[in-house]
Amino acid sequence: MDCLGMHYNEGAVPPTATSGDPRGDNYYTRYLSLFLNEHWNIIGGQRPICITELGYLTPEGYPALPSFWAWGQNTTVAQQAAWLAGAASLLSNSGKAQMMIVWNIDFTLYASDPQGGYAIIRPDGSCPACDALAAAR
């Protein structure tokens, strides 16, 4: 095994947060650093973590989110961009992550599974996350 895969796509707070999720349950999968540490501990730090899907949902440019996804209703495109860049920095500097794949680039489906809300290329064609990710350190 080269690395342990991890998906993180339910964040509604900045990547450094460890509390404050709008769902109110403070479950560890809601927080990037806690989730990363859980994966790291599972394998005893013997292999790096490969984040194979990392995204932040925002309805900006679309209608309101379906009720199941309401936890992402207040996330803005600016936050999506900043949080993706912050996640890249956190992961890069953690010494635990080997790679991060952004979920997703340009999906437009926005229905019961609002994949378009995760897209970094927004409905108007802009990509605030592109510049933020390019500047991430």
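Begin by colouring the charged side chains of this predicted model: the chain carries 6 positive and 11 negative side chains, and the centres of the two sets lie 8 Å apart. Lys and Arg count here as positive and Asp and Glu as negative, while His and the chain ends are not counted, and each charge is placed at NZ of Lys, CZ of Arg, CG of Asp or CD of Glu.

Two notes apply throughout the tour. Residues are numbered from 1 along each chain as its sequence is written, and side-chain values use heavy atoms, with hydrogens and water left out. Because this is a predicted model, local features need pLDDT of at least 70 and side-chain atom pairs count only at pLDDT 80 or more, whereas totals for chains, interfaces and linings use all residues.

**The whole chain**

Switch to a cartoon view, in which three helices and three strands can be picked out; helices (H or I, at least four residues) and strands (E, at least two) are DSSP runs, numbered from the N terminus. Followed along the sequence, these elements give the pattern β-α-β-α-β-α. The radius of gyration of the chain is 15 Å, close to the 14 Å that the globule rule gives for 137 residues, so the chain is as compact as a globular protein of that length; the radius is taken over C-alpha atoms, and the rule is 2.2 Å times the number of residues to the power 0.38. Along the principal axes, the C-alpha atoms fill a box of roughly 45 × 35 × 25 Å.

With the surface shown, about 6,700 Å² of the chain is exposed, and carbon and sulfur atoms supply 54% of that area; accessible areas come from the Shrake-Rupley method with a 1.4 Å probe, and for residues only the protein chains shown count as cover. Of the 137 residues, 43% count as buried, where buried means under 20% relative accessible area, exposed over 50%, and partly exposed in between (1.4 Å probe, protein chains only). Among contacts (heavy atoms within 4.5 Å) between residues at least 6 apart in sequence, 61% join residues at least 24 apart.

**The loop between β1 and α1**

Select R30, which lies in the loop between β1 (4–11) and α1 (32–42) and is buried, with a relative accessible area of 15%. Its side chain makes a polar contact of 2.5 Å with the side chain of E10 and another of 2.6 Å with that of D25. A polar contact is a pair of N or O atoms within 3.5 Å; within protein, one must be able to donate a hydrogen and the other to accept it, and residues adjacent in sequence count only if both atoms are side-chain atoms. Leaving out residues up to four places away in sequence, R30 touches Y8, E10, G11, V13, D21, R23 and D25.

In the loop between β1 and α1 you will also find N26, which at 40% relative accessibility counts as partly exposed. Most residues other than glycine have a negative phi, and most peptide bonds are trans. The phi of N26, however, is near 50 degrees, a positive value in a residue other than glycine.

**Helix α1 and helix α2**

Move next to H39 in helix α1, which counts as buried at 11% relative accessibility. Beyond its neighbours within four places in sequence, H39 is in contact with L4, G5, M6 and I49.

Then select V77 in helix α2 (residues 77–94), a buried residue with a relative accessible area of 9%. Its contacts, again leaving aside neighbours within four places in sequence, are T58, E60, R122 and P128.

On the way, look at G61 in the loop between β2 (49–56) and α2, which counts as exposed at 63% relative accessibility.

**The loop between β3 and α3**

Finish with Y110, found in the loop between β3 (97–102) and α3 (128–135) and buried, with a relative accessible area of 17%. A polar atom of the Y110 side chain lies 2.8 Å from the backbone oxygen of P63. Apart from residues up to four places away in sequence, Y110 touches P59, Y62, P63, A64, L65, G116 and G117. Measure from Y110 to S94, and the C-alpha atoms are 33 Å apart in space, although the two residues are 16 apart in sequence.

The last stop is N104, placed in the loop between β3 and α3, where the peptide bond from W103 to N104 is cis, with omega near -5 degrees.
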